[in-house]
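Let's take a friendly look at a protein model, one piece at a time. Have the sequence and the 3D view ready as you read.

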Amino acid sequence: MMKDTAHNTPALAGETPARGAGISVDNVSILFGAGENAFLAVDRVSTEIAVGEFVCIVGPSGCGKSTLLNAIAGLEHATSGAVRVDGAVVTGPAAQRGMVFQQPALFPWKSVRENVAYGPRMAGLSNDEARQVADDLLEMVGLAAFGDKRPQTLSGGMQQRVAIARALANTPSILLMDEPFGALDAQTRAMMQENLLQIWHQVGITVVFVTHDIDEAIFLADRILVMSAGPGRFVQEITVDIERPRLPEIAIDPRFVDIKRRSLEIIRRESTRAFEQQLKAVL
Amino acid sequence: MSGPIEQAAGAERPAAKRAAGFWQGEAVNRLALAASLPLFFGLWEIVSRSGVVNVILFPPPSTVLGALLDWLESGQLLIDFGMSASRVVVGFSVGAVLGALVGIMTGRYRLLSSLLSPVFQLLRPIPPIAFVPIVILWFGLGETGKYFLVVWGVFFTVWIAAHLGVQRVDEKLIRAARVLGTPEKRMLREILLPGALPYIFVGLRTSVSISFYTLVAAELAGTFAGLAYRIDIAQQNLQMGQMMGGLVMLGVISAAADKLFAVFAEKAVWWS
């Protein structure tokens with residue numbers, strides 16, 4: 001199945017094939033360490049993410065949002081509860097769930113094209129087939145001319161586009177993104193956000209996107225989950241009912257501003273609470 | 001630059017600049033580079049012939065060159081070179097391959113590391129030269145003993161480089177590989193080996209020098225041909241020219257081997 005879907009790259013078909021998968025996060029807790037040093041990073045978190053939905057998780061740093069994302073990826077194990085993708089419990093990483101990290105994490109010993117072709121090759125495609133998939137995806141992210149380049153010679157934004165192409169080359173049904181644009185400058189970030197929305201629209205994939213940038217979350221998401229720190233919990237769910245396609249100008253749309261005000265209020269309240277809690281723990 | 005005072009002072013600046021520029025210039029630098037070895041050998045020649053030192057014990061380069069040419073003409077130089085080179089090549093190759101393989105395994109599998117690392121850490125500091133007497137009893141004067149000593153010198157250096165290299169592979173790359181669907185059994189070949197390669201090559205390059213040190217010890221312990229052996233024999237016959245010629249050959253060959261390896265390494269791990 002992997003082979004077939006990877007082969008005809010619906011990513012480029014132009015329609016919306018809705019190849020996404022649904023995610024169910026069911027009462028998930030993640031505990032690090034043991035005994036006195038144990039640290040509860042994520043505390044009984046639940047949510048349902050629909051097929052093809054774009055969900056952003058926002059929250060202060062250290063609130064456990066990346067940990068939760070890692071649990072959906074299968075890089076982290078839920079101490080209790082379960083993550084299910086299309087009904088099946090996640091027990092480890094799988095090519096079906098693509099992931100993009102804050103750092104591009106490209107393999108420096110491979111060319112840009114070989115980086116993108118890596119997943120398909122692992123899935124058993126021949127080198128020629130994998131190369132074809134890679135070239136198609138590099139085309140999609142606007143880097144068709146850079147296939148033979150070494151990743152280190154590209155700018156940060158371009159490297160991150162390669163990382164996105166690499167994740168999509170596996171034809172995943174879910175794309176998990178952990179502050180992927182956090183290290184980029186403002187202009188590049190804005191461009192990447194628009195680019196990502198186009199790709200998401202083309203591919204019809206489910207996206208879970210972690211960020212601490214509330215503007216980014218409102219611009220991108222169908223739904224925002226606000227997470228609090230110490231321990232990490234969902235404290236609010238905000239539906240972004242702003243029509244698509246969205247242009248950067250929506251940042252001054254009253255609905256955008258309203259969502260932003262409400263979110264910031266919650267985040268401030270939660271940050272203060274977490275801070276006071278930390279103080280109490282120290283004193 | 002633009003003020004009247006600077007302009008006035010600037011009158012004598014070009015000369016000063018030219019003087020400083022002369023010593024920092026590219027041409028004079030190239031000249032120094034070209035003069036370095038002739039100056040060294042020239043001075044050596046003069047000092048040797050001046051009578052300040054005993055010319056028998058400190059022969060001039062012309063005598064050394066003569067001895068080298070005699071050595072070459074007799075056909076013995078080629079044999080000595082071949083024997084020494086084969087010891088280095090065989091010992092280095094075996095030690096490097098074993099060291100890299102074992103290092104990758106101990107770096108990857110904790111159980112294996114717990115089992116082997118204490119033993120290796122105990123054996124690693126023993127200088128290969130200290131093994132010479134035992135090696136003679138174990139292997140006699142044959143080639144096996146020579147290989148053993150060079151392998152001993154190379155193995156631990158490459159082992160520790162590979163061991164640490166595997167452990168220092170960027171965690172981000174490993175995670176990226178996992179989410180891209182890398183099967184556990186392909187992780188070693190696809191990610192850990194290339195990730196550790198820059199470290200392994202640092203160990204390998206150090207080992208090139210080590211194999212030459214060890215070669216000398218191995219040949220002094222007794223053999224029938226070889227560059228260091230020739231130095232030993234020449235000493236017994238008080239052939240100073242031949243002895244120094246041997247040193248020159250060892251210096252040239254190990255420097256060439258090091259350079260060659262550096263070029264190879266740059267091609268092999270071009271990304272680091």
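Here is a short tour of chain A, the place where the chains touch, and one residue of chain B.

## Chain A overall

Keep in mind that this is a predicted model. Chain A is built with eight helices and 10 strands. Its radius of gyration comes to 19 Å, close to the 19 Å that the globule rule gives for 283 residues, so chain A is as compact as a globular protein of that length. If you lay the C-alpha trace of chain A along its principal axes, it spans about 60 × 45 × 35 Å.

What about the inside? Of the 283 residues in chain A, 45% are buried. Now take the contacts in chain A with a separation of 6 or more: 71% of them pair residues that sit 24 or more positions apart.

## Where chain B touches chain A

How many residues of chain B are in contact with chain A? There are 12, and they meet 21 residues of chain A. On the chain B side, the elements giving two or more residues are helix H9 (171–179) and helix H10 (184–220). H9(B) gives the most, with six residues. Sorted by character, this side of chain B has six nonpolar, two polar and four charged residues.

## A closer look at B:Ile233

Find helix H11 of chain B, which covers residues 227–236, and you'll find B:Ile233 in it. Why does B:Ile233 count as partly exposed? It has 17 C-beta neighbours inside 10 Å, while a buried residue needs 20 or more and an exposed one has 12 or fewer.

B:Leu220 is 13 residues away from B:Ile233 along the chain, and their C-alpha atoms are separated by 9.5 Å.

Key: Residues numbered from 1 in each chain as written. Chains lettered and ligands numbered in written order. Predicted model: local features only at pLDDT ≥ 70, side-chain atom pairs only at ≥ 80, totals over all residues. Helix = DSSP H or I, 4+ residues; strand = E, 2+ residues; numbered from the N terminus. Contact = placed C-beta atoms within 7 Å. Nonpolar A, V, L, I, M, F, W, Y, C, P; charged D, E, K, R; others polar. Rg over C-alpha atoms; globule rule 2.2 N^0.38 Å.
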